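Subject: Handing over a structure, with notes

Dear colleague,

I am passing on the structure we spoke of, and below it I have set out what was found, so that you can read the notes with the model open beside them.

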Amino acid sequence: MFLSVKEMELRKVRFDETFRAGQIDFSGEDLTQASSLHATGTAELLAGAEEVRVRGQYQVEMAAQCDRCLGQARFPLDARFDLYYRPMAEIARDEEVAIDEGEAEIGFYAGEGLELEDILHEQVLLALPMQRVCSEACKGICPVCGKNRNETACDCKTEAHDDRWGALRNLNP
Ligand SMILES: [Zn+2]
Ligand SMILES: [Zn+2]
């Protein structure tokens with residue numbers, strides 16, 4: 001859905017959109033939109049400014065490969081956003097102002113407005129944890145035999161084990 005600034009000049013634009021699973025492309029981020037994404041909210045032009053405020057909420061379930069065991073990790077997201085955007089032309093006009101530190105939260109739009117899909121794509125990436133694991137308790141893959149330790153317990157000795165036994169042995173005279 002395109003959020004048109006021309007339309008915002010007349011009224012506050014409301015959106016209530018559903019993107020079917022996989023509709024928003026996350027292939028560049030090794031992610032999949034595993035469920036439909038539902039987003040509701042408003043886009044408005046702030047009085048006396050060319051600044052656009054977009055706020056709303058969305059729900060979606062994302063899927064990625066677990067960083068530890070390479071199995072599938074799922075991330076149900078239910079998040080809100082409240083964003084400000086300025087027209088791109090304004091940066092060219094006074095570039096100095098755009099670099100001001102306090103304005104880091106402000107985004108920019110080019111042309112006639114913003115694509116809701118692009119906003120949601122960015123918001124989903126921000127909402128995901130840095131480490132993508134299937135569960136906090138995921139034991140990962142054994143570095144020795146390569147088995148998924150969530151499925152099979154193996155008897156491989158890892159470095160940490162050896163050190164501990166070594167330390168115990170040293171305690172005995
Ligand atoms: Zn895992
Ligand atoms: Zn092993």
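Before the metal sites, one cut-off is needed: four donors count as tetrahedral if all angles lie between 85 and 135 degrees. Please keep in mind throughout that this is a predicted model.

With that cut-off in hand, the zinc ion (ligand 1) can be classified, because its 4 donor atoms subtend angles of 104 to 114°, which makes the arrangement tetrahedral. The donors are the SG atoms of Cys 66, Cys 69, Cys 134 and Cys 138, at 2.3 to 2.4 Å from the metal, and along the chain they follow the spacing C-x2-C-x64-C-x3-C. Of these donors, Cys 66 and Cys 69 are both buried.

The zinc ion (ligand 2) is held by the SG atoms of Cys 142, Cys 145, Cys 154 and Cys 156, at 2.3 Å, and this site is likewise tetrahedral, with angles of 107 to 113° among its 4 donor atoms. Here the donors are spaced as C-x2-C-x8-C-x1-C. Cys 145 and Cys 156 both lie in the loop between α4 (116–127) and α5 (159–171), so the pair ties together parts that are 11 residues apart in sequence. Cys 145 is partly exposed, with a relative accessible area of 37%, and Cys 156 is also partly exposed, at 26%.

Turning to the helix that precedes that loop, α4 has 12 residues and spans 16 Å from its first C-alpha to its last, close to the 16 Å expected at 1.5 Å a residue. Its buried residues are Leu 116, Ile 119, Leu 120, His 121, Gln 123 and Val 124, and these pack against β1 (2–4), β2 (13–19), β4 (37–45), β5 (52–65), β6 (72–87) and β8 (113–115).

Two of those helix residues reappear in the largest nonpolar core, which has 36 residues: Leu 120 and Val 124 are listed with Leu 3, Leu 37, Val 54, Tyr 58 and Met 62 as the residues that touch the most other members. The elements that give two or more residues to this core are α1 (5–10), β2, β4, β5, β6 and α4, and β6 gives the most, with 7 residues. Leaving aside residues up to four places away in sequence, Met 62 touches, among others, Phe 26, Leu 31, Phe 75, Leu 77, Val 124 and Leu 128. As background, nonpolar side chains tend to be buried together in soluble globular proteins.

With kind regards

Technical notes. Residues are numbered from 1 along each chain as its sequence is written. Chains are lettered from A and ligands numbered from 1 in the order in which they are written. This is a predicted model: local features need pLDDT of at least 70, side-chain atom pairs count only at pLDDT 80 or more; totals for chains, interfaces and linings use all residues. Side-chain values use heavy atoms; hydrogens and water are left out. Donors are N, O and S atoms within 2.8 Å of the metal (3.2 Å for Na, K and Ca); water is not among the atoms, so sites may look incomplete. Four donors count as tetrahedral if all angles lie between 85 and 135 degrees; four count as square planar and six as octahedral if opposite donors are over 155 degrees apart and all others between 65 and 115; anything else is irregular. Helices (H or I, at least four residues) and strands (E, at least two) are DSSP runs, numbered from the N terminus. Buried means under 20% relative accessible area, exposed over 50%, partly exposed in between (1.4 Å probe, protein chains only). The expected span of a helix is 1.5 Å times one less than its number of residues. Contact means heavy atoms within 4.5 Å. A nonpolar core is a set of buried Ala, Val, Leu, Ile, Met, Phe, Trp, Tyr and Cys residues joined through side-chain atoms within 4.5 Å.
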